[in-house]
Amino acid sequence: MLHCSKGIMSGSDGAKFDEMRAEDGSVRPAYAEYCDWLQAQEKGWMRRKGFEAESFFRRTGITFNVYGENDAEERLIPFDMVPRIITGGEWRRLSRGIEQRVRALNAFMHDLYHRQEIIRSGRLPERLFRNNEAWLSQMVGFTPPGGVYTHIVGIDLVRTGPDEFLVLEDNARTPSGVSYMLENRETMMAMFPELFSKIQVRPVSNYPRRLAKSLAACAPECAGENPTVAVLTPGIYNSAYFEHAFLADQMGAELVEGTDLRVIDGRVQMRTTSGFQPIDVLYRRVDDDFLDPLTFNPDSVLGIPGIFDVYRAGGITIANAPGTGISDDKAIYAFMPEIVQFYTGEAPILPNVETWRCADPDSLKHVLDNLPELVVKEVHGSGGYGMLIGPTASKKEIAAFRQKLKAKPHNYIAQPTLSLSTCPIFTKAGLAPRHVDLRPFVLVSPEGIDITPGGLTRVALKKGSLVVNSSQGGGTKDSWVLAD
Amino acid sequence: MLGRTANNIFWMFRYLERAENTARLLEAGHRIAMTRGGDAASEEWKSVISTLGFRKAYEAVYPDYSGAHVCDFVLRGKANPESVMAMFETARTNARLCRSAITGEVWEAVNEGWMGLRDLLARQVRESNLGTALAAIRRESALARGATHGSMIRDEVYSFARLGTFIERGDNTARILDMKYYVLLPSISYVGTALDTGQWEHVLRSLSGERAYRWLNAGRMDARSITKFVILDERFPRSLAFCFDQMRENLAALALLHGHEGQANALIREADQDLSQRSIDQIFDRGLHQFLIGFIAKNRQIADTISKEYRFID
């Protein structure tokens, strides 16, 4: 027998908010039905289910490539069997907040590459994008088909209390992980079919169809009735190759590489067995730098020479639009509350995590005075690298970071160490709480903003750890939004 | 479909087929070596290496032709880029590259096959386990082919998969026959005489055809009826005639899909017709070796033409 009661919840590390259980030990409403079911299951049976999941992933090839110098290795992202559950009510508020933020992001992109009202109004310092590598001068004055910049967005959320969801990061460059959201659900449904007949969970499996529809709605004017969509991958050695192939397969789109493509007669065309055929919408999973060697990185062998000219002439839609990566920048993030307010005229529904911009002398002083309590991040960094987690860092590491901060203050932001919410994972000793975040996936087209209920829950598998990135020992969970 | 994807599919199935045929060749070689021993055994292993075209690479590593060395080199030799393990790995990489063109069942068959063989061939295979290992190789390839047959829709992808399979199979059958021809019949005057039945049985075993042949020929063992069976019998799935027939059909299906015929269609029609009009006596009169060399060249020409016409590479 498994218990959701307090005794089994070993290894509590002083986290303030556990999503399954309230402080008094009672099960929160979101998990009530799940816990009823779990308590009726035998522990040995659950453990066998865990092995089942691993062999399932291994066989179907859902792997995360980690390529070293010589030896190619495919690693699984650990999967935890306990779902992360969100109530219908919680989700409604979240999705309103996400929609507002994504609407603002798209408007912000358009403004940055056109009149730059937000800078003229003095709400955003010009230097934030002037020397930013993600800023593309080639995009100035150009509006992508349908006015959409951020076709696919992943918003990283963390939770600190019953009603406290905060945005930790915006991913508008090429957000990944959606294949795990889909496969995690498939796995759960295969392993525990009875759970899904008992509890009404909102489905996610139609995401690829919604993605195909959303991308087709962004096709350029030259496209026909049924636009041709293709997924551009850097190739088999890319860590997210599985996801690229998976999405192409699920959408019924071709999975292309740069070498399959050529610019002919003002269109980007792919080499098929019956000749070259034009592509209308290119869902690219390569960085801006590797898109067009003529316009950007001349050393790139991945790109398609001339694609940018075709793009500017309206011959193809590139999703996401080049130059949107700037919104992933953590220095821009610090201004998101102002950005949301500026473009929507409303107060942000989802707050940012409190952020000190080290470029500002007063903030820098505060950060330097409180380094052991703060998390300091590089503004252009990602994947959990290049950051300082004050409370777990050694004195030496803090001293080294202090020097870096003083030398290049504008390169950093700082945030308080949040007590992220926890959700139980299944361990040998029973259920144990671990910190989680949530990345919902958002689709943008002229037809509207479409948010798939749930998203990808990442979980720090190490006790007490706050780093959920898969490259650093994080795992994933199926994320449920309850139908009500 | 993309030309690159067609190329990946085509070679994925060529490698699966070659891996399977290589296992068969080792099985037959092992059997002969067992029954003969000594110098004859080592001659046998040498002929296996020659058939596979590995002589130079093999001799750079080993001074002798022992069963253990030959099997290790062919199955998993580090210096052998076309070892069974390497070929399965290439087939699996190709499957990964065109993951969106094949069904989940085909992918799982190839992926699980690769995982199984990787464990099986992690260390040198002991002679006592050789039979099990070779059977596993044949089985994994058959599972991939079966999944393809049972789960793929009959479109372009399927046609390229089948073309790869039969082009490789025809080539392999012709090479096995050609090598044995040299060993068995060093001079043309031997044709039809002094038959080494053990060696001819080896040919049939290498092609999994010994039972079918016996059934059809009631125990007669002569060079002409065996070569006739292996070259011309359209009922035997590893015969040259069967392979050409399948290639013709699959190229016709492609022509139908694309709305026009190409040069490859003309080539295979001509070659298939030419083969079906030959008698085994004609083949022997003009020289079996010349015939087989001619077959291999024609087969390769058709493969090259397919690759060009369907834009496998830029």
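H1(B) and H5(B) cross with a left-handed sense. This is a predicted model, and that helix pair is a handy way into chain B. From there we can look at how the two domains of chain B meet, then at where chain A touches chain B, and finally at a small sheet in chain A.

**The H1–H5 pair in chain B**

- Helix H1 of chain B covers residues 3-36 and helix H5 of chain B covers residues 84-97; their axes come within 8 Å and cross at roughly 155 degrees.
- Angles over 145 degrees count as roughly antiparallel, so that is how H1(B) and H5(B) lie relative to each other.
- On the H1(B) side, the residues that meet H5(B) include Trp11(B), Met12(B), Tyr15(B), Leu16(B) and Arg18(B).
- Among their counterparts in H5(B) are Val84(B), Met87(B), Phe88(B), Ala91(B) and Asn94(B).
- Sorted by class, this helix-helix contact has 12 nonpolar, four polar and one charged residues.

**Two domains in chain B**

- The domain assignment splits chain B into domain 1 (1-152) and domain 2 (153-314).
- Their C-alpha centres are 21 Å apart.
- Where the two domains of chain B meet, 28 residues of domain 1 are in contact with 27 residues of domain 2.
- On the domain 1 side, H1, helix H2 (38-51) and helix H7 (127-151) of chain B each supply at least two residues.
- H1(B) turns up again here, giving the most to that side of domain 1, with 19 residues.
- That same side of domain 1 of chain B divides into 13 nonpolar, eight polar and seven charged residues.

**Where chain A touches chain B**

- Between the chains, 17 residues of chain A are in contact with 20 residues of chain B.
- In chain A, the elements giving two or more residues to this side are helix H2 (43-60), helix H9 (241-251), strand E7 (254-256) and strand E9 (267-272).
- The chain A side is made up of six nonpolar, six polar and five charged residues.

**A four-strand sheet in chain A**

- Chain A has an open sheet of four strands in the order E7-E6-E11-E12, with parallel pairing.
- E7 and strand E12 (317-319) of chain A are at the edges with a single partner strand each, so one side of each has no neighbour in the sheet.
- From one strand to the next, the twist averages 25 degrees.
- Strand E11 (residues 281-284) of chain A runs parallel to E12(A), and three bridges join them.
- Look for Leu282(A) opposite Ile318(A) in E12(A).
- As for strand E7 of chain A, it is both an edge strand of this sheet and one of the elements on the side that touches chain B.

How values were computed. Residues numbered from 1 in each chain as written. Chains lettered and ligands numbered in written order. Predicted model: local features only at pLDDT ≥ 70, side-chain atom pairs only at ≥ 80, totals over all residues. Contact = placed C-beta atoms within 7 Å. Nonpolar A, V, L, I, M, F, W, Y, C, P; charged D, E, K, R; others polar. Axes fitted to C-alpha atoms, helices over the stretch in contact; angles between N-to-C directions. Parallel < 35°, antiparallel > 145°, perpendicular 65-115°, else oblique. Left-handed = near helix turned anticlockwise from the far one by under 90°. Domains from an automatic or database assignment. Pairing = 2+ DSSP bridges.
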